[in-house]
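Student: I have a model open and would like to talk through how its parts pack. Shall we take it step by step?

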Amino acid sequence: MSPISVTPPPTNEGRSGDEGAPSMAKPSHTKSIMTAAFIIVLLWLSAERTDATLTQLVTGAPEMGKLLVEMFPPDWSYLTTIWAPMMETVQMAVLGTSIGALLAIPIALLASGNVTRSKWLYIPARLLLNLVRTVPDLLFAAIFVAIFGLGAVAGVAALILFSFGLISKLLYESIEAIDPGPLEAMTAVGANKLQWIRFGVIPQVTAQFISYLLYTFEVNVRAAGVLGLVGAGGIGLLLTRVLDQLRYDRACMIILLTLVIVLVIDYISYRVQEKLL
Amino acid sequence: MKNNPLIRRPWLHIRWWLVAVVIVSLYVWSFTGIEFSGIRENAGTVTVAILQGMISPDWDYVYLAEGEDLLRGMIDTLAIALLGTFISAFLCIPFAFWASTNMNRWKWSSGVGKFILSFIRTFPEIVMAIMFIKAVGPGAYAGILALGLHSIGMLGKLYAEAIEKIDRGPAEALLACGANRLQVLWYGVIPQVLPEFMSYTLYRFEINVRSATILGIIGAGGIGTPLIFALDSRNWSRVGIILLGIIITVSVVDIISNYVRRKIV
């Protein structure tokens with residue numbers, strides 16, 4: 001039972017259309033009409049609540065376009081100014097991801113039902129994980145700025161908690177899906193719990209763990225870029241400044257550099273995963 | 001470990017050492033880059049205060065007769081997430097068809113579509129919200145537009161992947177019977193991808209609820225505004241109740257959405 005998902009939802013391989021459904025009777029439309037009506041009512045109530053109207057949306061669309069036009073061409077000369085803070089952002093992401101991943105290992109083992117046999121242990125562990133994951137990273141950052149003061153430390157702390165929630169959830173799901181064969185064999189020859197984990201569980205999930213680590217790192221680089229908005233270090237500080245000055249060309253440059261770095265990380269993790277899997 | 005293939009091939013050994021050196025230097029570089037000296041002395045007391053605030057929250061704040069309370073803040077947050085998701089679920093469809101390899105005649109065309117989606121994804125919603133505040137003024141509406149635009153990046157990508165996975169059979173059969181392109185799309189493609197589209201949209205809604213809780217930090221509506229005020233004024237019991245409100249709301253939304261998603265697919 002995992003009520004909260006953090007990864008893209010399970011892809012539905014092999015489920016295409018109604019293959020295998022023998023009944024050719026026309027499905028009743030009542031249910032879909034009811035669902036549609038329910039959604040429309042919800043949307044209408046939401047629009048009422050937030051004073052958003054369709055006409056506003058139509059008038060807002062050109063505003064979107066205007067912003068996009070102002071962003072181009074990006075201010076290339078700004079690159080020299082943003083390079084150092086951008087590297088700080090990457091450093092924050094490296095530390096946050098690694099420390100979060102280290103913390104995630106024990107709790108993921110605790111949360112998987114096939115390692116921790118006792119319900120009294122793994123259900124509270126999962127509950128804790130779900131609670132950690134309900135809080136967005138920027139909120140963590142705002143709280144840690146209140147605790148640690150302005151600076152990169154608060155950002156790293158926020159990223160640690162965020163990565164911890166993400167990786168432990170992904171990891172415990174992989175641990176639950178491992179092949180029980182080696183585990184049974186080890187129990188049969190009398191391995192203790194630690195040996196059992198070391199030689200039965202860890203070899204089966206290492207590759208996945210590394211791919212989750214890289215995925216989280218990528219997410220964190222994107223996230224670390226905005227932590228500066230609440231004063232938690234990194235490139236976000238400059239981003240707020242240029243947005244305040246309405247220098248969208250410079251903001252675009254910052255975003256483009258983030259995109260390049262993310263693409264590089266993407267490429268590296270693709271190559272690493274090719275080697276591993 | 002005598003028959004380990006790694007040992008018989010020394011160049012592989014060297015490569016592992018190189019990897020280790022790269023990783024170690026990455027960490028050295030990261031640790032030297034962050035200043036750890038700037039931590040406040042009262043960090044401990046503040047942490048304790050926040051935890052105490054969560055244990056004994058300001059229950060009165062849940063409902064205030066004059067408005068600006070937790071309940072209304074959370075409803076605003078949910079409304080922003082719902083409308084933002086709705087907008088992006090429609091806007092991303094053309095992008096999804098553009099980016100999917102099997103709906104394009106040329107390979108470069110889908111590559112361009114994919115790059116645009118990637119570019120949109122890199123734009124954080126909070127940055128978009130700041131820009132929309134400049135364009136349409138502060139408030140929930142800026143938040144809705146920011147979520148609506150930002151979500152196109154991820155939804156477009158997921159939709160495109162769903163389109164790429166479809167079974168060509170029905171579409172070819174329709175073509176053979178002389179259906180036009182629109183009919184092929186409507187009867188051959190849409191029914192196959194609709195459940196996945198809905199599932200991804202719900203998934204994005206879960207994410208958007210989380211994002212909507214922070215949009216208020218920069219004034220784009222929702223519960224974030226009272227939260228940042230409470231943090232700034234060190235009103236820890238209020239911070240506590242708002243955090244509890246966020247945790248409960250997000251959990252409930254997740255549970256419901258997961259249930260519905262499992263029904264759909």
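Tutor: Happily! Keep in mind that this is a predicted model. Let's begin where A:P182, A:L183, A:M186 and A:T187 in α7(A) meet A:Q195, A:W196, A:F199, A:G200, A:V201 and A:Q204 in α8(A).

Student: How do the residues of that contact divide into nonpolar, polar and charged?

Tutor: Glycine is classed as polar here, which matters for A:G200. With that rule, the contact of α7(A) with α8(A) has no charged residues, 4 polar and 6 nonpolar.

Student: Are α7(A) and α8(A) roughly parallel or antiparallel to each other?

Tutor: Two packed helices are described by the angle and the distance between their axes. For α7 (residues 180-188) and α8 (residues 193-227) of chain A, the axes come within 9 Å and cross at roughly 165°. Angles over 145 degrees count as roughly antiparallel. So α7(A) and α8(A) are roughly antiparallel.

Student: And what is the handedness of the crossing where α7(A) passes α8(A)?

Tutor: That is a separate descriptor from the angle. As α7(A) passes α8(A), the crossing is right-handed.

Student: Which element gives the largest share of the lining of the largest cavity?

Tutor: The count comes to 1 cavity of 30 Å³ or more, and the largest cavity holds about 50 Å³ of space. Its lining includes A:R222, A:I254, B:T122 and B:P124, and by class it has 5 nonpolar, 3 polar and 1 charged residues. The elements giving two or more residues to this lining are α8 and α10 (248-276) of chain A. The largest share, 3 residues, comes from α10(A).

Key:
Residues numbered from 1 in each chain as written. Chains lettered and ligands numbered in written order. Predicted model: local features only at pLDDT ≥ 70, side-chain atom pairs only at ≥ 80, totals over all residues. Heavy atoms only, no water. Axes fitted to C-alpha atoms, helices over the stretch in contact; angles between N-to-C directions. Helix = DSSP H or I, 4+ residues; strand = E, 2+ residues; numbered from the N terminus. Parallel < 35°, antiparallel > 145°, perpendicular 65-115°, else oblique. Left-handed = near helix turned anticlockwise from the far one by under 90°. Contact = heavy atoms within 4.5 Å. 1 Å grid on protein atoms, 1.4 Å probe; cavity = no way out; pocket = protein on both sides within 12 Å on 5 of 7 lines; lining within 4 Å. Points joined across faces, edges and corners; volume = space filled by probe spheres on them.
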